[in-house]
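Grab a pencil and work through these exercises with the model open beside you. Each task comes with a solution you can follow step by step.

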There are 4 protein chains.
Amino acid sequence: MIRVIILGHGMVANHLAVGIERIKQGELEPYGVPLAEYKLPYSIEDIDIVASYDVDQSIVGKSIYYAAKKALDSNIDIPRTLRDVYIREGIHLGSLEGMPIEAVGIEDKLGLNDALNALVDEWREYKPDIILNIITTEDGSPFNTLAKIKYTLENGTSNGISASQAYALAAALYARQVNPVAFINGIPMAIANDDAIVRFYEESGAVVFGDDGATGATPITADILEHMHNRNRHVKFIVQFNIGGNNDFLALTIPEKNKMKEKTKSSIVQDILGYDAPHYIKPTGYLEPLGDKKFISMLLEYKTFNGLTDELYIAGRINDSPAMAGGLVDLIRLGKIAIDNDIWGTVYEVNAFFMKKPGPSSAKSVSKIVAYYNLLKWLRALNAITISEDIGVPIEKMDW
Amino acid sequence: MIRVIILGHGMVANHLAVGIERIKQGELEPYGVPLAEYKLPYSIEDIDIVASYDVDQSIVGKSIYYAAKKALDSNIDIPRTLRDVYIREGIHLGSLEGMPIEAVGIEDKLGLNDALNALVDEWREYKPDIILNIITTEDGSPFNTLAKIKYTLENGTSNGISASQAYALAAALYARQVNPVAFINGIPMAIANDDAIVRFYEESGAVVFGDDGATGATPITADILEHMHNRNRHVKFIVQFNIGGNNDFLALTIPEKNKMKEKTKSSIVQDILGYDAPHYIKPTGYLEPLGDKKFISMLLEYKTFNGLTDELYIAGRINDSPAMAGGLVDLIRLGKIAIDNDIWGTVYEVNAFFMKKPGPSSAKSVSKIVAYYNLLKWLRALNAITISEDIGVPIEKMDW
Amino acid sequence: MIRVIILGHGMVANHLAVGIERIKQGELEPYGVPLAEYKLPYSIEDIDIVASYDVDQSIVGKSIYYAAKKALDSNIDIPRTLRDVYIREGIHLGSLEGMPIEAVGIEDKLGLNDALNALVDEWREYKPDIILNIITTEDGSPFNTLAKIKYTLENGTSNGISASQAYALAAALYARQVNPVAFINGIPMAIANDDAIVRFYEESGAVVFGDDGATGATPITADILEHMHNRNRHVKFIVQFNIGGNNDFLALTIPEKNKMKEKTKSSIVQDILGYDAPHYIKPTGYLEPLGDKKFISMLLEYKTFNGLTDELYIAGRINDSPAMAGGLVDLIRLGKIAIDNDIWGTVYEVNAFFMKKPGPSSAKSVSKIVAYYNLLKWLRALNAITISEDIGVPIEKMDW
Amino acid sequence: MIRVIILGHGMVANHLAVGIERIKQGELEPYGVPLAEYKLPYSIEDIDIVASYDVDQSIVGKSIYYAAKKALDSNIDIPRTLRDVYIREGIHLGSLEGMPIEAVGIEDKLGLNDALNALVDEWREYKPDIILNIITTEDGSPFNTLAKIKYTLENGTSNGISASQAYALAAALYARQVNPVAFINGIPMAIANDDAIVRFYEESGAVVFGDDGATGATPITADILEHMHNRNRHVKFIVQFNIGGNNDFLALTIPEKNKMKEKTKSSIVQDILGYDAPHYIKPTGYLEPLGDKKFISMLLEYKTFNGLTDELYIAGRINDSPAMAGGLVDLIRLGKIAIDNDIWGTVYEVNAFFMKKPGPSSAKSVSKIVAYYNLLKWLRALNAITISEDIGVPIEKMDW
C-alpha cells in the first residue's frame with residue numbers, strides 16, 4: 001500500500017484519481033503509465049489516495065467524486081469509491097491570484113507557521129508516503145540557502161514564499177516528526193532544483209522528485225533533438241507553439257507565470273544538441289474551447305550533408321492532464337521505492353525522465369529515450385526490476 | 001587512407017563524392033555525418049573514392065565530375081578533383097528494367113562468370129577497402145544456402161540473380177584473392193539479411209553492412225515509436241506516406257520493387273512496440289518536380305492515460321540522397337575499422353543504427369537512439385573512441 | 001413532403017437517415033447541410049426516406065434502425081422512427097465483387113429485364129421523388145449513345161452494365177411510367193457525365209445530379225487552387241494523399257475502382273489553374289482503424305513574386321460519410337425543386353458545387369466557392385431563395 | 001507610365017523594386033501579381049519607381065541598388081537600373097522607436113509643418129501618381145474628424161500623429177497643390193479606415209487604398225472560413241500562429257504594435273462566418289533565422305453533419321515581403337486606373353481583395369475569392385478589362 005496526498009485538485013488530480021480507480025476495477029488498461037509493463041515492487045493497485053487539498057472554495061469540503069464529476073467529460077464513468085475521499089482546504093499564498101476562482105487558504109486565518117503545523121497534524125492521521133504537488137503554475141524564487149529555509153520556519157513569515165514552497169516545507173516537517181515521505185513536484189516552481197530544499201530533505205529523511213512534469217511537446221522535442229544530434233544534423237532553428245484551454249494555460253496568460261514555464265522548457269536545446277540553436281519554445285496562448293486537449297505545433301529546420309537543408313513539421317493534439325497523471329502513477333511508485341531504499345534528497349535518474357527541468361540544479365537535460373534507459377538501469381541496480389523478465393524489449397536494449 | 005569503390009552512380013553517389021571533396025577542401029561542415037564529432041581512427045579526409053560503376057550508358061566512361069555536374073543543383077560547386085575519377089561499366093542483370101534509362105551491363109557480353117572475374121581483376125588494380133552498393137532499388141530473393149552461392153559461382157548462371165547479389169559475390173571473391181573488404185549494401189535487397197552471404201563473407205575474410213540505408217521517415221518513425229513505447233502509450237495506428245521525384249521513387253512505381261521496400265520498413269512496428277500496431281507504411285508515389293527532396297507525412301494515434309486518445313502529425317521535406325550519403329561517410333570508416341579488427345561476416349551494432357532492415361536476418365529492429373548508443377559502446381569496446389574525450393554529451397549518456 | 005429512396009445502404013445512408021431524423025426531432029443542428037441557413041421551398045423536415053436497397057445479405061430485409069445500430073458509433077442515439085423503414089434487395093451486377101461481403105442481387109434470379117421491371121413496380125408503391133445512388137464505388141464505362149441504352153433495355157443484357165447504370169435506367173423507366181424523378185449519383189460512375197443518360201433523362205422527364213459527391217480533400221484542394229489562381233501564384237506541384245478505413249477505401253484497394261476515383265479527382269487542377277500543374281492526387285490506401293474518419297494530407301509548392309518559392313501543408317481528419325450525407329440533404333431538396341420547375345436532364349449549377357466530377361461531360365470544374373455563389377444565383381433565378389432575407393452574408397456577396 | 005514613390009524602404013520595397021525591374025528585363029515571370037494574366041490599361045512595364053523614403057540612416061542617401069544588395073539573398077541578381085533611384089530622408093515621428101535602427105526624420109529638424117511642405121516640394125519634382133506606404137508597423141489612433149486633420153495641418157503639431165498619418169496628409173496636400181494621387185497604405189495603421197482621411201481625400205482629389213496588405217495566413221484563413229461557411233460547417237475554434245524573422249515581426253514584439261495587428265486580423269471571423277467563432281489569431285513571435293520566410297500554423301475544428309467533429313491543420317512557409325510586393329504591383333496599376341476615372345476617397349472593391357482590414361471603416365470583410373470576383377466586376381464596369389478576352393477562366397465564373 002502506498003498512501004498518497006494530492007496538493008492542488010485540478011484536472012490532473014481528477015484524471016489521476018479516476019484513472020487509478022478504473023485500473024483497480026479492471027475496466028481500463030494502464031496505457032500512459034510508462035513502467036506499467038514492468039513488475040515493480042508496487043503495483044498500480046497498491047496506490048491509495050487518502051486526501052486531496054485545494055483552495056478553490058467551490059470544491060473544498062467536497063469529495064473527489066464530486067469534483068471529478070464536475071470537471072471531466074460526461075462519458076467518463078466516475079468510480080463511486082471516490083465518494084469517500086475528501087478535498088480539504090490547503091495553502092493559498094496567492095497562488096491563484098489573477099484567476100477567476102474564489103480562493104481561500106488556511107494560512108489566511110492561521111498565519112503560515114500555524115498553517116504548516118496544522119497540515120503536519122492532519123497528515124499525522126493520513127500517514128502519507130507520497131505528497132504530490134500539482135497546484136496551478138505559480139511564480140516564485142528558490143530559497144537557495146538552508147539559512148533562508150530555517151529563518152522561514154522560525155519566523156513563519158509568508159513573505160515571498162509560494163504555496164509550493166510552503167507545502168514542500170510542511171512535507172519535510174512531516175518527515176522529521178512522523179514518517180519518511182516523497183514529495184513530487186509536478187509544476188515549474190524550483191523545488192528539486194532548489195539546492196537548499198534538496199539539502200533540507202536529505203537532513204529530514206525525505207526525497208523530492210521534480211520539477212515540472214514533462215507531458216506534451218517538450219519530451220517529443222527532446223527526443224527529436226536527440227535524433228538530430230545522433231546524425232550530426234545542424235539545427236538552424238526550432239519553433240514550438242502550444243495552446244490549450246485548461247486552467248494551466250489560463251494561468252500562463254499571466255506574464256510572470258509564463259516566464260517561469262519558458263525557462264524550464266528551453267534548457268533542453270543546449271543540453272541535448274551541445275549548442276544553443278535559435279529557438280522559440282514557449283506556451284503560446286489560451287483558448288477555452290481547446291479544453292484540456294492542447295494543440296502543439298513545431299517547425300525544425302536543419303542542415304544535412306553536402307550543405308542542403310531539410311524541414312520537419314510536427315503538430316499534435318495531446319490530452320494534457322492525462323499525460324501528466326500517467327507519469328504520476330509511476331512517480332508515486334518510484335517515490336515509495338526510494339523511501340524503502342533510504343534514498344534521500346533527490347534522484348536525477350527519476351527526474352531526468354519524468355520532468356521538464358530535472359533537479360538537482362546542476363543537472364543537464366538529456367533526451368527522454370536516453371533518460372528512460374538510465375531509469376531502468378537505476379531500477380535494476382536497486383533490484384526493483386530484473387533483467388530476466390521478458391518485457392518485449394530486444395535484449396540489446398537491456399544490456400547496459 | 002580508405003580506398004572506396006562505388007556501385008551505382010546515382011544521386012547518392014554524386015552527393016557522397018562531392019560532399020567528401022568539399023569537406024576535404026574545408027568549404028563544408030560535416031553536417032549529416034553522424035560520428036563526425038568523434039575522433040575515430042579514420043577521418044573523413046582519409047576517404048578516397050577510386051572508381052564508380054554503373055550501367056547507364058549516358059555516364060559510363062565519364063568522370064564523376066561530369067555526372068555530378070549533370071545531376072546536382074547548379075548552385076553546388078562541383079570540385080575539380082572529381083575529373084580524375086571515372087565511372088566504369090558494371091553489372092546490370094535487369095536491375096534498371098522498366099526505367100527510362102539505356103542500360104548495358106558487362107555480363108551482357110561476357111556472361112556472369114567472366115563478368116565477376118573481370119570485376120575482380122579491375123579491383124586488383126583499384127585495391128578497394130570498401131565496396132559500396134547503392135544501385136537503384138531492385139527485386140530479388142536471398143540465396144539462403146551456401147550451396148546456392150557455390151552453385152552460382154561454379155556455373156556462372158545469372159538465372160534469378162540480382163545485380164546486388166552478383167556484386168556481393170564479386171566482393172567476396174576479391175577478398176579471397178586480393179584483400180579483405182567491407183561490402184556496404186545501401187539498398188533493400190537482402191545481403192546482410194541473407195545468412196548464406198554472411199556465412200560466405202565470414203569464410204572469405206569480408207564483412208557486409210546492410211540492408212537498406214535508413215534515411216528519412218523510417219528512422220524518425222522508429223524513434224517516435226520508442227517514445228511511445230517508453231510511456232506505454234498504446235498506438236492505435238500509424239500512417240506514413242512518402243513521395244519523391246528521384247530515380248529511387250520512380251523505380252518503386254514498379255510494383256515488385258515497392259513490395260521489397262515495404263517489407264524492410266514495417267518490421268520496426270512490432271520490434272519496437274512489442275505488438276503489431278495497425279500501420280500503413282510504404283513509399284507512396286512518384287512526382288518528378290519533388291526531385292530528391294521527398295515529402296513525408298505521418299499520422300499516429302494512441303491511447304493515453306484514463307482512456308483518452310491523442311494524435312500526432314508529422315510532415316517533412318527531406319533531401320533523400322544527402323541523408324544517405326552522410327551515413328555512408330561513417331559506414332565507410334566503420335567498414336575499415338571492422339577490417340582492421342578482423343571482424344568478418346556482419347556487425348549488428350553498425351547495421352542497427354544505419355539500416356532500415358539491419359542484418360543478420362534474426363536481428364530485431366530497435367529505435368535509432370538506442371542503436372546509436374549501442375554503436376558508441378561497440379566502438380568503445382574496440383578502442384575506436386574513448387570515453388575521456390569531451391564530446392558535449394552529458395556523462396550520463398556515456399555510462400553504458 | 002419529399003419521398004426518397006436510397007440505393008446502397010452503407011455508412012452514408014445510415015448517417016443520412018439518422019441525421020435527418022435527429023434534426024426533425026430537434027436534437028441536432030443542421031450543421032454540414034450547406035443551404036440550411038436559407039429558406040428554401042422545402043425544409044429538411046419535409047424529407048421522408050421511404051425505403052433503402054442493398055445487396056448485403058446481412059442487412060437486406062432488416063430496418064434502417066437495425067443497420068444504423070450496427071454501423072454507427074455507440075454514442076449516437078438511433079431514432080426509433082427508423083424501425084419502420086426497411087432495406088430491400090437491390091441490384092448487384094458484381095458491384096461488391098472482391099469485397100468481404102455476401103452479396104446477392106435481384107437480377108441473380110430474375111435477369112436484368114425483369115429486375116428493372118420489379119424495381120419500377122416496387123417504386124410504383126413507394127412513389128419516390130428522389131432516388132439516391134450511394135452504393136460502394138464500382139467500375140464501368142458510360143453508355144455514351146442512346147442506342148446502347150435502348151439496346152440494353154430491349155435485350156435485358158447485363159453484359160458490362162454496372163449496378164449504378166441499371167439503377168439509373170430503372171429510375172428513367174419509373175419517370176416514364178409513374179412520376180418525374182431526380183436521380184442523384186453520389187459515386188464516381190459516369191451518370192451525369194454520360195451524355196446518353198442525360199439525353200435519355202430529358203426524354204423521360206427525369207433529372208440527374210452527379211457524379212461523385214465532393215466530400216473531403218478535393219473541395220478544399222479546389223478552393224486552395226482558386227486561392228492560388230487569384231494571386232497568379234504558379235503552382236509547381238501538388239501532392240494529396242488520403243486514407244480511410246471504411247468500405248469505400250477498402251473498395252479502392254481494388255485497382256480498377258481506384259483508377260475510377262483518380263480520374264474524377266484530378267480534373268480540377270487544369271480546370272481551375274488553367275494549366276496542368278504536376279500533381280499526385282489519389283486515394284492512397286486503406287487502414288481499418290481509421291474507420292470513417294479519413295486522414296488527408298497535402299503539400300503544395302508554388303512560385304510567388306520575385307522568383308521565390310512558398311510551401312503549404314494541409315492535413316486533416318474528416319468524417320467521410322457525414323460530409324457526403326450533409327450535402328445529400330440539400331441535393332434531395334434541390335432535386336425536388338428541379339422537378340417542380342420542370343427541369344430535365346442535368347443541372348450544372350448544382351453539380352458544380354456538390355460533385356467532384358460535375359456533369360454534363362463537357363463541363364469544367366470550378367472552385368467550390370465560385371460554384372456556391374453560382375448555385376445561389378441559380379436558386380434566385382428560380383425564386384427558390386430571395387435576396388431580401390437576411391442570411392448573415394455581406395451584401396457585396398449577394399450582388400451577383 | 002505610372003510614377004511611384006515608396007515610403008519605407010524595407011524588404012517589401014526591395015522586392016517590389018527588384019521584381020518590377022526583372023519583369024521589365026524579361027528575366028522573371030510575373031507570378032504573384034494577381035491580375036498579371038488580364039490585359040489592364042497599364043502593364044507592369046509601365047511602372048516607374050522614382051524615389052523611396054526612409055529614416056534608417058544606414059540607407060538614406062543611398063541607391064535602391066545599394067539597399068537591395070544589402071537586404072536580399074545573394075542569389076538574386078539586383079538590376080543595375082536601380083543604381084539611379086535614391087532613398088531620401090522621410091518622416092520618423094517615432095515609428096521605429098524600440099527597434100535596433102538609428103533613425104532620423106526630416107521633422108526632427110524642421111518641425112512637422114515644414115516637413116510636410118518640404119515633402120510636397122520634393123514631390124512637385126518627382127510628380128508621383130502613386131505614393132506607397134510600407135513603413136514598419138507602428139501604432140496610432142485615427143483622426144476620426146476632419147476638424148482634427150485641419151487642426152493638425154494648421155498648427156503643425158506632431159503630437160500623437162504617426163508617420164503614416166503625416167505621409168497621408170502630405171499626399172493629400174500634394175493632390176491639392178500639384179496632381180491627383182493614389183495613396184496605398186500597406187500597414188495596419190487606420191488610413192482607409194479613418195473616415196476623416198477618406199473624406200479629406202475626396203475633397204482633395206485623391207484616393208486611398210488600405211489598410212494592411214493581406215499577404216500570408218490571413219487570406220488563406222478567410223478563404224478556408226468561406227469554405228466552411230459554404231457548407232454550414234460550424235467552426236468550434238480557430239488557432240492561427242505565425243512567426244517570422246524580418247523587421248515587421250521584430251516590431252510586433254513591441255506590445256502596442258502587436259495589438260494593432262491583432263485587430264486587423266481577427267475581424268474576418270465574424271464577418272465571414274456570421275458568428276464569432278472562438279479564435280486565437282495573432283502574430284506570435286520573432287525568431288531571426290526564419291528571415292522573411294515566415295512560418296504559419298493553423299488548427300480549425302468544426303462540427304459536420306450528424307453531430308461529428310472534423311479537424312483541419314494547415315502549416316506553411318511563406319515569403320512575407322514578396323507576397324506583399326506582388327499585390328502592390330497591381331495596387332499601383334489600380335491606383336492609376338482610379339485616378340484616370342476620377343474616383344476619389346477609397347474603393348472598397350480594391351481594398352476587400354488586397355487588404356486585411358479593408359476600408360472604409362463601415363466595410364465588412366468578405367472571403368478573398370469572393371472579393372476577387374467582385375474586383376473583376378468593378379474593373380469590367382470601368383471597362384478596364386473585357387469579358388471577351390480569353391483568360392482561362394470558365395465562363396461561369398465571369399458571368400456576374
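**Exercise 1. Describe how helix 7 of chain A packs against helix 7 of chain B.**

Step 1: get the geometry. The two helices, both residues 217-230, have axes that come within 10 Å and cross at roughly 140°. Axes here are lines fitted to C-alpha atoms, for helices over the stretch in contact, with angles running from 0 to 180 degrees between N-to-C directions. Helices (H or I, at least four residues) and strands (E, at least two) are DSSP runs, numbered from the N terminus.

Step 2: name the arrangement. Angles under 35 degrees count as roughly parallel, over 145 as roughly antiparallel, 65 to 115 as roughly perpendicular and the rest as oblique. That makes helix 7 of chain A oblique to helix 7 of chain B.

Step 3: add the hand. This crossing is right-handed; the label goes with a near helix turned clockwise from the far one by less than a right angle, and left-handed with anticlockwise.

Step 4: list who touches whom. A:Ile220, A:Asp223 and A:His227 meet B:Ile220, B:Asp223 and B:His227; contact asks for C-beta atoms, placed from the backbone, within 7 Å. The contact residues divide into 2 nonpolar, 2 polar and 2 charged. For the classes, Ala, Val, Leu, Ile, Met, Phe, Trp, Tyr, Cys and Pro are nonpolar, Asp, Glu, Lys and Arg are charged, and the others, Gly among them, are polar.

A word on the ground rules: this is a predicted model, where local features need pLDDT of at least 70 and side-chain atom pairs count only at pLDDT 80 or more, while totals for chains, interfaces and linings use all residues. Residues are numbered from 1 along each chain as its sequence is written, and chains are lettered from A and ligands numbered from 1 in the order in which they are written.

**Exercise 2. Do the same for helix 5 and helix 6 of chain B.**

Step 1: helix 5 (residues 163-177) and helix 6 (residues 195-204) of chain B pack at about 15°, their axes 9 Å apart. They are therefore roughly parallel to each other.

Step 2: the crossing of helix 5 and helix 6 of chain B is left-handed.

Step 3: from helix 5 come B:Ala168, B:Ala172, B:Ala175 and B:Arg176, and they meet B:Ile197, B:Phe200, B:Tyr201 and B:Ser204 of helix 6. By class, that contact has 6 nonpolar, 1 polar and 1 charged residues.

**Exercise 3. Work out what chain A offers to chain D, and how the two copies are related.**

Step 1: 18 residues of chain A contact 18 residues of chain D. Strand 7 (234-244), strand 8 (279-286), strand 9 (293-303) and strand 10 (309-319) of chain A each supply at least two residues of the chain A side. Strand 7 of chain A gives the most, with 5 residues.

Step 2: sort the chain A side by class, and you get 13 nonpolar, 3 polar and 2 charged residues.

Step 3: lay chain A on chain D. A turn of 180° and a shift of 0.0 Å along the axis does it, with an RMSD of 0.0 Å. That is the relation of a two-fold axis. Superposition is by least squares on the C-alpha atoms of residues with pLDDT of at least 70 in both copies.

**Exercise 4. Find what builds the contact between chain D and chain C.**

Step 1: each chain is counted separately, giving 56 residues from chain D and 56 residues from chain C. The largest share of the chain D side, 10 residues, comes from strand 10 of chain D. The chain D side divides into 24 nonpolar, 17 polar and 15 charged residues.

Step 2: look at the strands. Strand 10 (residues 309-319) of chain C and strand 10 of chain D pair in the antiparallel sense over 7 bridges; pairing needs at least two bridges found by DSSP. One of the bridge partners is D:Arg317, matched with C:Glu311.

**Exercise 5. Trace the open sheet in chain C.**

Step 1: its 7 strands run in the order 3-2-1-4-5-6-11, with parallel pairing. Strand 3 (87-89) and strand 11 (345-346) of chain C stand at the edges, each with a single partner strand, so one side of each has no neighbour in the sheet.

Step 2: follow one edge. Strand 2 (residues 47-54) of chain C joins strand 3 of chain C through 3 bridges, and C:Asp54 has C:Glu89 as its bridge partner.
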